[in-house]
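Reader: I am new to this structure. Please show it to me, and then let me ask how each claim is backed up.

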Number of protein chains: 12
Amino acid sequence: MKILILNGPNLNLLGKREPDVYGNMDFESFFGKLKESFKGADLYYYQSNVEGEIINKLHEVGFSYNGIVLNAGAYTHTSVAIHDAIGAIKTPVVEVHISNVYAREEFRHKSLITSKCIGLITGFGLEGYAMALAYLSNKTN
Amino acid sequence: MKILILNGPNLNLLGKREPDVYGNMDFESFFGKLKESFKGADLYYYQSNVEGEIINKLHEVGFSYNGIVLNAGAYTHTSVAIHDAIGAIKTPVVEVHISNVYAREEFRHKSLITSKCIGLITGFGLEGYAMALAYLSNKTN
Amino acid sequence: MKILILNGPNLNLLGKREPDVYGNMDFESFFGKLKESFKGADLYYYQSNVEGEIINKLHEVGFSYNGIVLNAGAYTHTSVAIHDAIGAIKTPVVEVHISNVYAREEFRHKSLITSKCIGLITGFGLEGYAMALAYLSNKTN
Amino acid sequence: MKILILNGPNLNLLGKREPDVYGNMDFESFFGKLKESFKGADLYYYQSNVEGEIINKLHEVGFSYNGIVLNAGAYTHTSVAIHDAIGAIKTPVVEVHISNVYAREEFRHKSLITSKCIGLITGFGLEGYAMALAYLSNKTN
Amino acid sequence: MKILILNGPNLNLLGKREPDVYGNMDFESFFGKLKESFKGADLYYYQSNVEGEIINKLHEVGFSYNGIVLNAGAYTHTSVAIHDAIGAIKTPVVEVHISNVYAREEFRHKSLITSKCIGLITGFGLEGYAMALAYLSNKTN
Amino acid sequence: MKILILNGPNLNLLGKREPDVYGNMDFESFFGKLKESFKGADLYYYQSNVEGEIINKLHEVGFSYNGIVLNAGAYTHTSVAIHDAIGAIKTPVVEVHISNVYAREEFRHKSLITSKCIGLITGFGLEGYAMALAYLSNKTN
Amino acid sequence: MKILILNGPNLNLLGKREPDVYGNMDFESFFGKLKESFKGADLYYYQSNVEGEIINKLHEVGFSYNGIVLNAGAYTHTSVAIHDAIGAIKTPVVEVHISNVYAREEFRHKSLITSKCIGLITGFGLEGYAMALAYLSNKTN
Amino acid sequence: MKILILNGPNLNLLGKREPDVYGNMDFESFFGKLKESFKGADLYYYQSNVEGEIINKLHEVGFSYNGIVLNAGAYTHTSVAIHDAIGAIKTPVVEVHISNVYAREEFRHKSLITSKCIGLITGFGLEGYAMALAYLSNKTN
Amino acid sequence: MKILILNGPNLNLLGKREPDVYGNMDFESFFGKLKESFKGADLYYYQSNVEGEIINKLHEVGFSYNGIVLNAGAYTHTSVAIHDAIGAIKTPVVEVHISNVYAREEFRHKSLITSKCIGLITGFGLEGYAMALAYLSNKTN
Amino acid sequence: MKILILNGPNLNLLGKREPDVYGNMDFESFFGKLKESFKGADLYYYQSNVEGEIINKLHEVGFSYNGIVLNAGAYTHTSVAIHDAIGAIKTPVVEVHISNVYAREEFRHKSLITSKCIGLITGFGLEGYAMALAYLSNKTN
Amino acid sequence: MKILILNGPNLNLLGKREPDVYGNMDFESFFGKLKESFKGADLYYYQSNVEGEIINKLHEVGFSYNGIVLNAGAYTHTSVAIHDAIGAIKTPVVEVHISNVYAREEFRHKSLITSKCIGLITGFGLEGYAMALAYLSNKTN
Amino acid sequence: MKILILNGPNLNLLGKREPDVYGNMDFESFFGKLKESFKGADLYYYQSNVEGEIINKLHEVGFSYNGIVLNAGAYTHTSVAIHDAIGAIKTPVVEVHISNVYAREEFRHKSLITSKCIGLITGFGLEGYAMALAYLSNKTN
């Protein structure tokens, strides 16, 4: 069972960026912990600030992996192209956000991609990635 | 540890209503299963079709329980009063929807209550309730 | 053949309220006349000012009665929950309004529920209830 | 007692056009049946695809006939001129649509003409014309 | 010097239609008076309820007449085609409305055609036609 | 002289709920003080979280009492039904809000009910109820 | 018979300002010509760039003069206060614009004041003032 | 204790202007009565039709007076500058309107200044000024 | 193989109207050339300024011809009725515009009819008609 | 004569992605066929999922090639930067879409780039690329 | 070389008003410093809270001075008249704001006047005036 | 002191692209001049057409450089991701545009990034970069 965690723009700064919103753990450390908790699955991690590289990665794994956990960051609110890429692949995608986007600025309330995902988990901090993995693990077992 | 599952309008028809959208298990049976899985917590269940009774229940448990899992059904999209009730109580609330509301009619894309909840879980079927309970159990342990 | 006439908020004041808009006959008297005209059907009447009680009643009769004539009053313009309730039951529903709602204030021009009903009859005064009953009688005979 | 049934654009294709929406009976046959059912009234029928010819006909009969049953088709959603014509004549007009226009595309939810009619009957198939005639017969008797 | 007065839908009912808004003189009588006042010009009059016939008439006279006084009635608010027709011809067009359209319903506040006319005169009753003629006479003299 | 103070959803939590916005006195204590200040009038108090029960109460007292002071809470912004209920009764209604709703979230700036009330008093804390009572006392004396 | 011509902001620059839009005659010279043409009336002229001074002038003459020709310039599109002032006085007001405001920027298409004037004349250059005076002269004779 | 009553555009016409909306007492007479009722306070009155003069006055008294009762008239709906002026001074401001602005035209429903005032009193006629004074007197005592 | 070229309002003026936008060849001459280029097909041409006559023609040929090339002119932006007519017939329709409508006024950016056509060709001048014919010839061969 | 076909995001999946919408031929095979049909021109092909790489390519060929056929995929609806790039180069660009974008989701109806292209061809399947090439070949010959 | 610094409403309170937003130096002191720094130019300063007086000043200097630095304060967001005044004069105008208006309330994000200015400098505190003067000095040297 | 000038899409074409809007000097030449004028600072220059590469660069220098001058070109109007990147770094950012974006197309009037920058300088041509550098030099000295 192969699952990719795919992070979008500015998430490489996790731990450095607005720690009151996003916490101060960097994602690589967190990813190490996740791998320990989900030993039954092969977990992969990829991050990019380039919209098109996120699409490339979705295409690359989207016909062979068992699941994708996607936090598209700010592209969530502007990218029809990622919406289309999710609709074009076979692998199920779960959308995750660290913060509760509906409790922040108005422009973060609209997601262009949720309609093509299985579902959305938002507001539970980094724990949201674990919830998504747990769901995908159960489902694909 | 006391946790309430609180369901809003029309969710009493689960299993009878649009089974292609909501599945065909009634909620009481599902609740029995949940109680078996979460033996460390006292789970309670309440459902009402009346907006004001949902508010009454939030007030009743909202200063003593450890968590509330709320699926406000259609009132999600129209009730400022439930938004205010969640903001007025102390107990943390997790919002759940069975279907992916963002893949359905436009008027279901707007939630008036998410901003006052910890977070939102939508699209994972009944499994979403279990995800919310797992989160609240961890948090309050 | 069982048919329910279901009236929403403020319709209990019929005859007392804005008689230039709604006439000055109270609904109970009118219902007596209707029963005489439609002797082939068992007619029932229920009125409530509480949105959730209207939903409760729709659930209660909506899997066994042959038809429902619904005047949801002001909830017509605000209730997604009643929209969902009509979509969740089996009994066909005909929407009726006494006045021509499109000739009144702008906010009365939008109905949230018509799309889940068989059809809409508006503007014909109390006669509209009789037209709806005539349609349902023919259909269910 | 003279009553005109006035149909707008594309209704001449009834029976040929989208039969799942509009049924497969042509209007002339249906009109024959209507005349048998309403022997106490002189029924007339006119159809045009030209907005201005519908206005001409409203002017022609609108000061002498006892009633008009109008299905303005697509002009319902765009014609201020027909709205004005109904407002300018004396004969009462009942608006009819065959399908439930509120359960179709968004742009069919707005009627520019209802506010000048006595009332609206929508969603009951061809039966809607009979309901309108019944109402006008009672009223003008 | 040839000038056409061109009236749109429902203006043939002048004198019969809503006399409190439009007065009770029919347009033919008024046109007789206008001809007496403007003896230096050849005045013509045409009215149609058909949008396309108004366009036909604009084309017919729009390359030879010296001026057109246009009251497009309700088509003022909906017709891009008349807007285009005025833009396509050579003869200058003055837009006239009898009533003050900005003191009536919201939908009458928007004119699609004024931008292609020389100017607009609205609210002065039938006197508006004379004001337009006076302007065109001066200009083309 | 009978006057009812009618409070809507979440106002039963006064004193417990967001004390920086609403203060920390519970309404029952405040009501005791009011009764002392307005000894010339019979004051009554009713609170409900159920929209329909607020309507029931308006109907119950709305043809015999001398005045109603209404704080409809969150229903202020969503309830056409309460708007209609106020329009249907005879007793004059004064709308009160404790906080300055125009200095809070955008969705609290729109009131659906003010147009049917005599007037609105907002932003003066609990003092607003006294101001409303003073107005009604003077008026009905 | 006393008639005031009242010009709003920037119209003092006439002749200097954007001559391709407004021509190159200054208003004082033009006013001299007008007085010669309308010898039967006492004509007055006032211009101000201050919104409140325009209101002051409307109040000052609005209960004794026979007519006002108002070109409120840019305040046309933003001033509710001038709208109210016109509604508060007795003297009839005719609105004039030199250019065809509907053929210019979008924000000039909306007039806040026309609904309180007798009518509007726009697009005829300085000639529009003469047309307005002619109308007022006829009317008040 | 010094309190200013500050009135905006057209309120100098009180008693002459639309008496069915505003009553027929002029403000000066009413102010005389107010001074008698509030002998414990030094009351001042200022009215201007000029937006900037209202701002000047707010600046002039806004660091030394104990309260301001402001009826900004039509500037209520258009003036960001008055909004800023109230936010810039120290003296508390109470907003008053004579009529119930929410029962009038749509454009009067939006106030740009309430969010910077303590509160709003609307719909109680001239009595509203007295209510505001009573509130300010109590508060500053 | 029968193909109709159907032109809407003002296209009869081609060659005379705004030659910088539409060129200066009249359509009849161009149609002669088209017939020479497409000898394998029977080409027909019809133009009308009347919306309803365009609908009539669509009905007349829409169940027997092999293709229709439609330039609906200004009705493109306003006609729900033509939208419905295309949806009601069997013959495939290709939409053509001579100019690039998206590089012109905002109101020309919205087409009500494209969704019912096979496709749209816009901006290639008269060549667009040839492109549409080439497509239809290939397809129906 | 050099012509570039430039495809945007997700078009590399052609043949694999939603075959009912886009057909099941991959673009490389189709491009081979195109080269055979257009032997008189040097055809080039480039695809990228990265918005900025599409801009880079437009810059690279946009001052020397004779034409560009651009299918910008989802960036069509969101990219002001591609709009600007087309406006900044010399080579003419023809916009192509495989499906009829106006018959799909609302957000695909708006193109940000058409106004800078010569024209648009949408809805004709892969054939649309050939139509664009034919046009460019004729034009640049 | 003559340059005017022109400040709009409430800027006379600089140093007293919201010092966290605007700092606590009064403008006169700052102006003294500016004059020292820009000895090569004749600097003038004018402030008014009256919209029309700002227009008067623009007219007065706008045909002879070499530059104007304009901070129109709140009128920036509401004044078409100042927009027109800038467009009517010859002297170049540079728009300055002390705070970053785009980081404040939504209604401050829209400027009605920038389009008629050379450019805009916002967010640099009082330093912004110096930047504008530096630009104008260079330009007019 | 290290300062980066960061240019977005299409700015590499400066000097070649629309010279009437952007002038005809290429940016590299201009950058040479800037370095001469600002010898006290280490100036760096980077341009990319790829949104994600602009974000990468902001991250790379955003915790060590003393200032960034950012002209995000068309991404200004569409990129939430750049908005977030500026908010996530420590280095102060000044936004610059060469042309006056508010005097161009409507879609250029909205900037998504200004709220996270210190301030904005727009409309002063290439000089704007120098103004930004001067500001940053002063500030960080």
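Reader: How many salt bridges does the rule find across the interface of chain B and chain A?

Author: Zero salt bridges. The rule asks for a side-chain nitrogen of Lys or Arg within 4 Å of a carboxyl oxygen of Asp or Glu. Across the interface of chain B and chain A, the rule finds zero such pairs.

Reader: What kind of model is this, and how are its parts named?

Author: This is a predicted model, in which local features need pLDDT of at least 70 and side-chain atom pairs count only at pLDDT 80 or more, while totals for chains, interfaces and linings use all residues. Residues are numbered from 1 along each chain as its sequence is written, chains are lettered from A and ligands numbered from 1 in the order in which they are written, and side-chain values use heavy atoms, with hydrogens and water left out.

Reader: What makes chain B and chain A partners in contact?

Author: Contact means heavy atoms within 4.5 Å. Chain B gives 18 residues to the contact, and chain A gives 18 residues. The two chains bury about 1,500 Å² between them. Buried area is the accessible area (1.4 Å probe) that two parts lose on being put together, summed over both. Of that area, 64% is on carbon and sulfur atoms. B:Y102, B:F124 and B:Y135 lose the most area to chain A, together 34% of what the chain B side buries.

Reader: What holds polar atoms to account at the interface of chain B and chain A?

Author: The rule finds eight residue pairs in polar contact there, both residues at pLDDT 80 or more. A polar contact is a pair of N or O atoms within 3.5 Å; within protein, one must be able to donate a hydrogen and the other to accept it, and residues adjacent in sequence count only if both atoms are side-chain atoms. The chain B side that touches chain A divides into ten nonpolar, seven polar and one charged. Here Ala, Val, Leu, Ile, Met, Phe, Trp, Tyr, Cys and Pro count as nonpolar, Asp, Glu, Lys and Arg as charged, and the others, Gly among them, as polar.

Reader: How do you know that strand β5 of chain A is joined to β5(B)?

Author: Two strands pair if DSSP finds at least two bridges between them. Three bridges join β5 (residues 119-122) of chain A to β5(B), and the strands run antiparallel. So the pair meets the definition. One of the partnerships sets A:T122 against B:L120. Strands (E, at least two residues) and helices (H or I, at least four) are DSSP runs, numbered from the N terminus.

Reader: Why are chain B and chain A said to be related as by a two-fold rotation axis?

Author: A rotation of 180° with 0.0 Å of shift along its axis superposes chain B on chain A, with RMSD 0.0 Å. The two copies are thus related as by a two-fold rotation axis. The superposition is by least squares on the C-alpha atoms of residues with pLDDT of at least 70 in both copies. The same surface serves both: 100% of the contact residues of chain B recur in chain A. Of the residues of chain B, B:I121 comes closest to the axis, at 2.4 Å (C-alpha).

Reader: What relation superposes chain A on chain L?

Author: A rotation of 120° with 0.0 Å of shift along its axis, RMSD 0.0 Å. That is the relation of a three-fold axis. Only 18% of the interface residues of chain A are also interface residues in chain L, so the copies meet through different surfaces.

Reader: What makes the pair A:R108 and L:D84 a salt bridge?

Author: Their side chains meet at 2.9 Å, N to O. The limit is 4 Å, so the pair qualifies. The rule finds one salt bridge across the interface of chain A and chain L.
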